[in-house]
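Me: I want to go through the ligand site and some backbone details, with the reason behind each label. Here is the structure.

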Amino acid sequence: MNAIQIYGGKRLMGQTRIQGSKNAVLPILAATLLIDGTCEIENCPDIGDVRHMIRLLESMCCKVERIGQTVKVYTNQLAHCDMPSDSVCVMRSSIMLLGALLARIGSVSMQYPGGCVIGSRPIDLHLQGLRKMGVTIEEREDGFYAETTELTGAFHRLPFVSVGATENLLLAAVLAKGETVIENAAREPEISALCDFLTKAGADIEGAGTSRLIIRGVKSLHPIAYRVPADRIVAGTYLAACLCSGGEIFLQEAPCTQMQSVIQAAEKMGAKFAESEEGLLVICKDRRKALSKLQTDSYPGFPTDLQSAFLTAMTVAEGRSVMEETIFENRFRIVPELRKMGAHIQVKKNLVVVDGTECLQGAVIQAEELRGGAALVMAGAVAEGVTIVTNRHFIERGYEDICFDLQKLGIRCQKIDYPVIDT
Ligand code: EPZ
């Protein structure tokens with residue numbers, strides 16, 4: 001079984017560069033389908049989900065080439081083909097292809113997308129919105145067939161904020177006939193990046209970064225080169241590692257302006273920061289303080305994707321902390337694993353109450369999903385002794401090389417096959 005072995009108990013010291021953003025690049029790769037020609041996506045992280053997205057693009061006869069951190073997507077041969085079901089089912093972002101494919105080739109047959117096991121994750125908002133834009137959708141037990149003769153602009157008011165639905169409707173709208181309005185749109189920086197990519201390619205979008213997007217359909221988009229912004233969640237994960245273990249680290253290229261809610265939460269726990277254009281300096285000297293209440297929310301609130309990492313920091317903070325998860329109903333799956341390491345955590349529906357302990361103990365623990373898995377590695381870094389986190393592949397969906405990054409921050413850790421005899 002693939003795993004990560006961590007020798008914990010050391011303070012963090014050093015610096016590492018933050019990779020390109022997973023949640024920005026996935027919809028941007030889907031958006032290349034809207035463009036006839038070759039797009040160059042720079043600073044594209046080499047992670048599991050990107051590899052799956054590339055496979056999906058290749059299955060539609062796009063040629064995709066990676067040269068270092070740049071991925072070139074050639075869409076001139078785009079054709080309707082069956083998407084590999086393992087890639088569709090393993091990754092929620094495969095749904096992003098729907099809006100783009102309907103715009104370019106008018107029909108899509110696909111299985112329901114998968115993704116991390118953090119909640120039920122329906123796609124009803126995506127489908128409802130597309131129906132309003134002139135798409136006929138036939139749902140089957142395991143998937144659906146969607147077809148349109150012409151996408152038309154429409155007015156959408158999302159009943160709640162959804163990142164994916166906002167992105168999908170945006171992708172469908174840029175080449176649709178007429179104007180589309182999306183109210184109560186998600187404001188995540190990854191949506192701003194998608195709007196930026198599309199606008200540079202010739203789309204007409206007003207309101208990027210706000211909760212009201214107005215998209216006026218254009219006839220076509222043109223190929224561009226685009227640099228993916230740094231990953232605020234990866235930066236936040238290492239910030240939380242410093243909160244757990246203490247120390248002083250510099251996160252090169254960390255997108256500080258996108259991390260304000262995270263920085264504020266960490267400041268309340270006792271961390272100090274210096275923000276600059278080059279990145280983020282994190283200093284944690286004394287034992288961290290508990291946080292009486294931290295609640296996840298859509299952007300600009302505290303991100304659900306960092307809930308597990310901060311929950312881990314709370315296990316070693318002084319006093320009682322409370323974390324409330326408001327976005328996904330099943331995102332406390334790391335709690336039993338943290339308890340194996342000596343953490344004191346009670347779960348009450350979507351709340352956890354954490355009584356901080358001086359330190360955690362190394363253990364063999366299991367990752368079940370991406371962000372939870374990364375948080376368990378952070379727990380290993382603060383724990384006394386050796387920790388083995390199994391199912392490394394979940395973490396590699398979103399982190400290019402978490403071991404390399406942690407080594408640069410002074411933590412001894414390595415990829416292993418488990419069981420293994422340590423010599
Ligand atoms: C995106 O997922 C991110 N994924 C997630 O990142 C992130 O946790 C999430 O947004 C929230 O910030 C990508 O960007 C690829 P949503 P998405 O639609 O788009 C419900 C990570 O670890 N909902 O904003 O799937 C849904 O069940 C991850 O990198 C419906 O009910 O999230 C959830 O409760 C995983 N019907 C809430 O809305 C729908 O049609 C928000 O989901 C759509 C969503």
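Reply: Helices (H or I, at least four residues) and strands (E, at least two) are DSSP runs, numbered from the N terminus. The model is predicted, so local features need pLDDT of at least 70 and side-chain atom pairs pLDDT 80 or more, while totals for chains, interfaces and linings use all residues. Residues are numbered from 1 along each chain as its sequence is written, and side-chain values use heavy atoms, without hydrogens or water.

Me: Which helices each supply at least two residues of the shell around the ligand?
Reply: They are H1 (22-31), H5 (124-132), H6 (163-173) and H12 (370-382). H5 gives the most, with 3 residues.

Me: What makes a residue part of that shell, and how many surround the ligand?
Reply: A residue is near a molecule if one of its heavy atoms lies within 4 Å of it. 22 residues surround the ligand, and Asp 124, Ser 162, Val 163, Asp 305 and Ile 327 are the closest.

Me: Why is the ligand said to lie between domains?
Reply: Domain 1 (2-19 + 230-417) and domain 2 (22-227) both give residues to the shell, so the ligand lies between them. The bounds come from an automatic or database domain assignment.

Me: What makes the pair at Asp 124 a polar contact?
Reply: A polar contact is a pair of N or O atoms within 3.5 Å. A ligand nitrogen is 2.7 Å from an N or O atom in the side chain of Asp 124, so the pair qualifies. The side chain of Arg 371 has an N or O atom 2.8 Å from a ligand oxygen, and a backbone N or O atom of Pro 122 lies 3.3 Å from a ligand oxygen; by that cut-off these are polar contacts too.

Me: What makes Glu 253 worth a remark?
Reply: Glu 253 is not a glycine, yet its phi is positive, about 70°. Most residues other than glycine have a negative phi, and most peptide bonds are trans. Glu 253 is in the loop between strand S14 (247-252) and helix H9 (260-268).

Me: Where are the cis peptide bonds at Pro 300 and Pro 419?
Reply: One joins Tyr 299 and Pro 300, with omega about 10°; the other joins Tyr 418 and Pro 419, with omega about 5°. Pro 300 is in the loop between strand S17 (294-295) and helix H10 (307-315).

Methods. A polar contact is a pair of N or O atoms within 3.5 Å; within protein, one must be able to donate a hydrogen and the other to accept it, and residues adjacent in sequence count only if both atoms are side-chain atoms.
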